[in-house]
Amino acid sequence: MLDPFHIKYGKQVAAALSLFSVFVDLTWLPATLTGLGGTMTVVLDLPYTVCVWISAAVVITYTLMGGLYSVAYTDIIQLVLIFVSSWICVPFVLTSPHTLDISQTLMNNTLNAPWIGQPEMKKIWIMIDDFLFMGLGGLGYQAFHQRILSASSTASAKRCCFIAAFFILVFAIPPALIGAAAASTDWNQTTYGSPSPYERGEAAFTLPIALQHLTPPFISILGIGCVAAAVMSSADSALLSAASVFTSNIYKTILRPKPLDSLT
C-alpha cells in the first residue's frame with residue numbers, strides 16, 4: 001500500500017508513513033485479543049489473562065510459521081465457522097422461553113427500552129465517526145491491500161471486493177438479532193439474574209452472556225468458536241500487516257539497507 005509513496009517521495013517519507021500503519025496494527029491486535037479474552041472468560045469461566053495469552057500464542061504461531069498463505073487459508077475456514085455457527089445460535093436465542101418476540105419490543109417499552117434505539121444529537125458525532133470508519137476505514141487498511149494485490153488477476157480482485165461488500169451485511173445480521181433478543185429478555189428469570197447486562201455496565205459482553213444464559217451449553221461453546229474465529233481472523237491479519245510493513249518499509253530501507261552478504 002505504501003509502495004507508491006516510496007516511489008514518488010522516497011524511502012524516508014514512506015518509512016514515516018509506515019510508522020503510523022504499524023502503530024495502528026499494534027494497537028488493533030491487543031484490542032481484538034482482549035475481546036476474545038473477555039468472551040472466553042464469561043462463557044468458559046477461565047481466567048481473563050489465560051484466555052488472552054492462549055489466543056495470542058495460537059495466532060502468533062500459525063502466522064509466523066505460514067505467513068500470508070496460512071492467513072489466507074485459515075481466514076477461509078474462519079469465515080465459514082463464523083457464518084455457520086452464528087446462524088445456528090440465532091434460533092436458540094430468539095426462541096428462549098425468557099425472551100419476548102423482538103418484533104413486539106422493536107418500538108415498545110416492555111422489559112427494557114425499545115431495542116432499535118433513537119438517534120440523539122449528543123451522539124451525532126459518534127454516528128458520523130462510525131459511518132466513516134465502516135464505510136471508508138478499510139480503504140487505508142494494509143491487510144485489505146495485501147489480499148487485493150495477492151489476487152491472481154484484476155478481475156478476481158474486483159470480484160472479491162463486490163462479493164465481500166454483500167456478505168459483510170449478511171454477517172452483521174446474527175449479532176444484531178442476538179443483541180435485539182438480549183434487550184427483549186427478562187434476565188430475572190435466567191441464571192444471570194437482574195439487572196440486565198446493560199444496567200450492570202456489561203453491554204460489551206452481551207454476546208457471550210446471551211450465549212451462556214439463553215442457549216444450551218453445546219450451542220454456547222459453538223458460539224464461542226464463532227467469536228474465536230472472528231477474533232483470530234482479525235488478529236492474524238493485523239500481525240502480518242504490521243510485520244510486513246515494518247520489514248519492507250523500515251527495516252530493509254532505513255535500518256539495514258545493505259544485504260546481509262555485503263556486511264560479512
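## Close-up views of an all-helix model

**View 1. Val-24 sits in helix α2.** The model shown here, as in every view, is a predicted one. Val-24 has a relative accessible area of 45%, so this residue counts as partly exposed. Look for Ala-238 as its partner from far along the chain: 214 residues separate Val-24 and Ala-238 in sequence, yet their C-alpha atoms are 8.7 Å apart in space. A second pair to pick out is Leu-240 and Asp-25, which lie 215 residues apart along the chain and have C-alpha atoms separated by 9.1 Å. Leu-240 belongs to helix α8 and is buried, because its relative accessibility of 14% falls under the 20% limit.

**View 2. Here is the whole chain, for orientation.** Nine helices and zero strands make up the secondary structure. Of the 264 residues, 34% are buried. The chain exposes about 16100 Å², and carbon and sulfur atoms supply 72% of that area. If you count contacts between residues at least 6 apart in sequence, 70% of them join residues at least 24 apart.

**View 3. The largest nonpolar core has 17 residues.** Leu-29, Leu-33, Leu-36, Met-40, Val-59, Met-232 and Ala-235 are the members that touch the most other members. Two or more residues of this core come from each of α2 (11-44), α3 and α8. The largest share is that of α8, with eight residues. Follow Leu-36 to see some of the packing: leaving aside neighbours within four places in sequence, Leu-36 is in contact with Ser-55, Val-227, Ala-228, Val-231 and Met-232. Another core, of 12 residues, lies apart from this one, and its members include Val-90, Ile-102, Ala-180 and Tyr-192.

**View 4. Asp-236 is a buried residue of helix α8.** The relative accessible area of Asp-236 is 0%, under the 20% cut-off, and therefore Asp-236 counts as buried. Ile-60 is a useful landmark in this view: Asp-236 and Ile-60 are 176 residues apart in sequence, while 7.2 Å separates their C-alpha atoms in space.

**View 5. A nonpolar patch of about 980 Å² lies on the surface.** Its residues are Tyr-73, Ile-76, Val-80, Phe-83, Val-84, Trp-87, Ile-88, Phe-92, Ile-173, Phe-218 and Leu-222. At least two of them come from each of α3 (48-94) and α8 (217-255). Helix α3 gives the most to the patch, eight residues. Phe-218, found in helix α8, has a relative accessible area of 56%; that value is over 50%, so Phe-218 counts as exposed.

**View 6. Ser-85 is part of helix α3.** Ser-85 is buried, because its relative accessibility is 4%. Setting aside residues up to four places away in sequence, Ser-85 touches Leu-222 and Cys-226. You have met one of these already: Leu-222 is a member of the nonpolar surface patch.

**View 7. Helix α6 runs from residue 154 to residue 183.** With 30 residues, α6 reaches 44 Å from its first C-alpha to its last, close to the 44 Å expected at 1.5 Å a residue. Its buried residues are Ser-156, Ala-157, Val-170, Pro-174, Ile-178, Ala-180, Ala-181 and Ala-182. When you scan that set, a simple rule of thumb helps: an α-helix has 3.6 residues a turn, so residues three or four places apart point the same way. Val-170, Pro-174 and Ile-178 are among the buried residues. Ala-180 is also one of the members of the 12-residue core.

**View 8. Helix α7 (residues 206-214) is mostly covered.** Seven of its nine residues are buried. Those to find are Thr-206, Pro-208, Ile-209, Ala-210, Leu-211, His-213 and Leu-214.

**View 9. Thr-105 lies in the loop between α3 and α4 (124-136).** The relative accessible area of Thr-105 is 2%, which means that Thr-105 is buried. Not counting residues up to four places away in sequence, Thr-105 touches Leu-100, Thr-110, Pro-114, Trp-115 and Ser-184. For the pair Thr-105 and Trp-115, 10 residues apart along the chain, the C-alpha atoms are separated by 6.7 Å.

Technical notes: Residues are numbered from 1 along each chain as its sequence is written. This is a predicted model: local features need pLDDT of at least 70, side-chain atom pairs count only at pLDDT 80 or more; totals for chains, interfaces and linings use all residues. Side-chain values use heavy atoms; hydrogens and water are left out. Helices (H or I, at least four residues) and strands (E, at least two) are DSSP runs, numbered from the N terminus. The expected span of a helix is 1.5 Å times one less than its number of residues. Buried means under 20% relative accessible area, exposed over 50%, partly exposed in between (1.4 Å probe, protein chains only). Patches are made of residues with over 30% relative accessible area and no salt bridge: like charges are joined within 9 Å, nonpolar side chains (Val, Leu, Ile, Met, Phe, Trp, Tyr) within 5 Å. Accessible areas come from the Shrake-Rupley method with a 1.4 Å probe; for residues, only the protein chains shown count as cover. A salt bridge is a side-chain nitrogen of Lys or Arg within 4 Å of a carboxyl oxygen of Asp or Glu. Contact means heavy atoms within 4.5 Å. A nonpolar core is a set of buried Ala, Val, Leu, Ile, Met, Phe, Trp, Tyr and Cys residues joined through side-chain atoms within 4.5 Å.
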